[in-house]
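Biologist: Could you take me through this model one question at a time, with the reasoning laid out before each answer?

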Amino acid sequence: MENGLYTRCTCGVLRFVKNWILGVIYVFRRLMKRMRTLIPKIKVKLEGGMMPTKSDVFAAAFDLYVPSDVELHVGRQVIDMGFVLELPRGYAATIQPRSGFSVKGIDVEISAKDGWRRPWKVDADVIRGLIDENYRGHVGVILKVHGTNPLADGMVLKKGTRIAQMQIIEVPQVELECADELDMSNDRGGGFGHTGV
């Protein structure tokens, strides 16, 4: 008699645990399905370029790659990335420098007088850019090579170089309103650099 009661209790507990686990799995699958619909899809059409990639799941931006060898000159120039974006409504993309290049310089190849090509670090900066949601032209990176480079002629940016980063941002819809007075209760005073450097 006791054995039958034990078996029924055990079966009841096992059934409860099984149903609870199935319920958790069901809720998890529904959440994952909903999250997939919440993550915006961005279409990328390659036209000779390389697909932007994230270095890992925690990266805030996509790396942009130089699609072919580019000869550099002193001053500003736009490097065509060889792809077009279709951003969803309410989103934009920013093009910004990679921190490693900002600190150390950009890796290029130079032509030496003896005919050999050598790797070199060039003093250059990527200038921030903004891509609006309705832009359908080629994505480009604005690069400024400074005139302080002793080997300004014969610099080549090699194909596949990670030149910049592209971050997708959500753009809130706001309106500017002309006002005669502002709420100054949070004003700290000062201006540029007023909290120190």
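Biologist: In which loop does Ser 68 have its place?

Modeller: This is a predicted model, and only local features with a pLDDT of at least 70 are discussed. Leaving aside neighbours within four places in sequence, the residues in contact with Ser 68 are Leu 157 and Lys 159. As for its own position, Ser 68 sits in the loop between β2 and β3 (70-72).

Biologist: Is Ser 68 buried, partly exposed or exposed?

Modeller: A residue counts as buried under 20% relative accessible area and as exposed over 50%, with partly exposed in between. Ser 68 has a relative accessible area of 39%, and because this value falls between those limits, the residue is partly exposed.

Biologist: What distance separates the C-alpha atoms of Ser 68 and Gly 160?

Modeller: Along the chain, Ser 68 and Gly 160 are 92 residues apart. In space, the separation of their C-alpha atoms is 7.2 Å.

Biologist: Which strands are the edge strands of the open sheet that contains β2 and β12?

Modeller: This open sheet has four strands in the order β2-β12-β5-β9, with antiparallel pairing, and the twist from one strand to the next averages 30°. Within it, β2 and β12 are joined over four bridges, β5 and β12 over seven bridges, and β5 (residues 91-97) and β9 over three bridges. An edge strand pairs on one side only, and the strands that do so here are β2 (62-65) and β9 (129-131).

Biologist: Which residue of β12 stands opposite Ile 95, and which residue is its bridge partner in β9?

Modeller: Strand β5 pairs in the antiparallel sense with β12 and also runs antiparallel to β9. Ile 95 stands opposite Met 166 in β12, while on the β9 side the bridge partner of Ile 95 is Gly 129.

Biologist: In the other open sheet, the one with the order β3-β11-β6-β7, which residue of β7 is the bridge partner of Ser 111?

Modeller: The four strands of this sheet pair in the antiparallel sense, its edge strands are β3 and β7 (117-122), and neighbouring strands are turned by 40° against each other on average, direction ignored. Strand β6 (residues 106-111) is joined to β7 by six bridges. In β7, the partner of Ser 111 is Arg 117.

Biologist: Which strand gives the most residues to the lining of the largest pocket?

Modeller: The largest pocket has a volume of about 360 Å³, and of the 16 residues that line it, the closest to its centre are Pro 40, Ile 42, Lys 54, Phe 62 and Ile 168. By class, this lining has 13 nonpolar, one polar and two charged residues. With three residues, the strand that gives the most to the lining is β12 (residues 162-170).

Biologist: Which element provides the largest share of the lining of the largest cavity?

Modeller: The structure holds one cavity of 30 Å³ or more, and the volume of the largest cavity is about 40 Å³. Two or more lining residues come from each of α2 (99-104) and β8 (124-127), and among the lining residues are Phe 101, Ser 102, Ala 124 and Asp 125. By class, the lining has six nonpolar, one polar and two charged residues. The largest share, three residues, comes from β8.

Methods. Residues are numbered from 1 along each chain as its sequence is written. This is a predicted model: local features need pLDDT of at least 70, side-chain atom pairs count only at pLDDT 80 or more; totals for chains, interfaces and linings use all residues. Side-chain values use heavy atoms; hydrogens and water are left out. On a 1 Å grid over the protein atoms alone, a cavity is a set of points where a 1.4 Å probe fits but cannot get out, and a pocket is an open set with protein on both sides within 12 Å along at least five of seven lines; lining residues have an atom within 4 Å of a point. Grid points are joined across faces, edges and corners, and a volume is the space filled by probe spheres set on the points. Ala, Val, Leu, Ile, Met, Phe, Trp, Tyr, Cys and Pro count as nonpolar, Asp, Glu, Lys and Arg as charged, and the others, Gly among them, as polar. Two strands pair if DSSP finds at least two bridges between them. Axes are lines fitted to C-alpha atoms, for helices over the stretch in contact, and angles run from 0 to 180 degrees between N-to-C directions. Buried means under 20% relative accessible area, exposed over 50%, partly exposed in between (1.4 Å probe, protein chains only). Contact means heavy atoms within 4.5 Å.
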